[in-house]
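I opened a new notebook page for this chain. My plan was to look up single residues, then pairs, then the pocket and the totals.

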Amino acid sequence: MPRAVNARATVTLLAVCWCVVPPRLAGDFNPYGINSAYWNSPSVNAAYRAMGVGTARVLLDWALAEPADGGYDWSAWDTALVHCSSHGFAVSLAVCGVPAWAIRVPGRELSYAPEAFAEFVCAALNRARTLAPGIVQSFEWHEEPTHAWADGIPPLHGTEQRDPSQYFVAILTT
């Protein structure tokens, strides 16, 4: 029997998705992107541009950017935004990590309140709008759970700690 959908959680998560970015027109979209840790290197960024890369996949670690509830450290995010903007890259934001204060069930990284995550993502997107309006073109929800592979279970055995989509479904159906 299907479980009921949690309306509050659904609205919260949809609000995060809605506030990410308005869709770009097809003519403005460059599908070639790259995952790099060198957004602060002008020579590396110039080489990426010469190869036709138009999108930078930038990891934003929630645990580092919000070490205390509501206390933000945007230094890494600001650096990535400024350098990507100066080289003409669009940004694909991939949020990873979970701060200790947000974990509700010890040992289960994917136990944070969806509202806390939504607040963080909206704060990060607002920061991006301030520094480089329109730069974020996409959003990846919870890139990879940080400690999800430390449980000794073989990789093909799926758990909600390894697959954030299962946590998303659990949020929507509880």
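## Entry 1: a loop glycine

I started at Gly 52, which sits in the loop between H2 and E2. The model I am reading is predicted. I looked up how open this position is. Gly 52 has a relative accessible area of 31%, so I logged it as partly exposed. I then checked a partner from elsewhere in the sequence. Gly 33 is 19 residues away along the chain, and the C-alpha to C-alpha distance to Gly 52 is 8.6 Å.

## Entry 2: two residues of H2

Next I went to helix H2, which covers residues 42-50. I picked Asn 45 and Tyr 48, since Asn 45 is placed in this helix and Tyr 48 lies there too.

Is Asn 45 buried or exposed? Its relative accessibility is 0%, so Asn 45 counts as buried. I listed its contacts, leaving out neighbours within four places in sequence. They are Tyr 38, Trp 39, Asn 40, His 83, His 87 and Phe 89.

Tyr 48 came out at 11% relative accessibility. The cut-off for buried is under 20%, so Tyr 48 counts as buried. With neighbours within four places again left aside, Tyr 48 is in contact with Ile 34, Ser 36, Trp 39, Val 53 and Phe 89. I noted Trp 39 and Phe 89 in the list for Asn 45 and again in the list for Tyr 48. I also took one distance here. The C-alpha atoms of Tyr 48 and Ser 36 are 9.9 Å apart, with their positions 12 residues apart in the numbering.

## Entry 3: Ser 85 in H4

I moved to Ser 85, which is in helix H4. At 38% relative accessibility, Ser 85 is partly exposed. Which residues does Ser 85 touch, leaving aside its neighbours within four places in sequence? I found Ala 132 and Ile 135. I also checked Ser 85 against Trp 39. These two are 46 residues apart along the chain, and their C-alpha atoms are separated by 10.0 Å.

## Entry 4: salt bridges

I then searched for charged pairs. Side chains of opposite charge can pair when their charged atoms come close. How many salt bridges does the count give? It gives two.

One joins Asp 78 and Arg 127, whose closest N and O atoms are 2.5 Å apart. This pair links distant parts of the chain: Asp 78 is in helix H4 (residues 75-86), Arg 127 is in helix H5 (residues 114-131), and they are 49 residues apart. I looked up the cover on each partner. Asp 78 has 17% relative accessibility and counts as buried. Arg 127 has a relative accessible area of 29% and is partly exposed.

The other is between Glu 140 and Arg 57, at 3.0 Å from N to O. Here too the pair links distant parts of the chain, with Glu 140 in strand E4 (residues 136-140), Arg 57 in strand E2 (residues 55-61), and their positions 83 residues apart. Glu 140 is partly exposed, at 27% relative accessible area.

I stayed with E4 for one more residue. Val 136 is placed in this strand. Its relative accessibility is 5%, so Val 136 counts as buried. Val 136 and Arg 57 are 79 residues apart along the chain, and their C-alpha atoms are 9.7 Å apart.

## Entry 5: the largest pocket

Rolling a probe the size of a water molecule over the atoms shows where empty space is left. I looked up the volume of the largest pocket and got about 320 Å³. Its lining has 18 residues. Nearest the centre are Val 58, Leu 59, Ala 76, Trp 77 and Ala 80. The elements giving two or more residues to the lining are E2, helix H3 (62-65) and H4. I sorted the lining by character: 10 nonpolar, five polar and three charged.

## Entry 6: the whole chain

I closed with the totals. The chain has six helices and four strands. From the N terminus, the order is α-β-α-β-α-α-β-α-β-α. There are 174 residues, and 41% of them count as buried. The accessible surface is about 9,600 Å², with 62% belonging to carbon and sulfur atoms. Last, I looked up contact range. Of the contacts with a separation of 6 or more, 72% come from residues 24 or more positions apart.

Key
Residues are numbered from 1 along each chain as its sequence is written. This is a predicted model: local features need pLDDT of at least 70, side-chain atom pairs count only at pLDDT 80 or more; totals for chains, interfaces and linings use all residues. Side-chain values use heavy atoms; hydrogens and water are left out. A salt bridge is a side-chain nitrogen of Lys or Arg within 4 Å of a carboxyl oxygen of Asp or Glu. Buried means under 20% relative accessible area, exposed over 50%, partly exposed in between (1.4 Å probe, protein chains only). On a 1 Å grid over the protein atoms alone, a cavity is a set of points where a 1.4 Å probe fits but cannot get out, and a pocket is an open set with protein on both sides within 12 Å along at least five of seven lines; lining residues have an atom within 4 Å of a point. Grid points are joined across faces, edges and corners, and a volume is the space filled by probe spheres set on the points. Ala, Val, Leu, Ile, Met, Phe, Trp, Tyr, Cys and Pro count as nonpolar, Asp, Glu, Lys and Arg as charged, and the others, Gly among them, as polar. Contact means heavy atoms within 4.5 Å. Accessible areas come from the Shrake-Rupley method with a 1.4 Å probe; for residues, only the protein chains shown count as cover.
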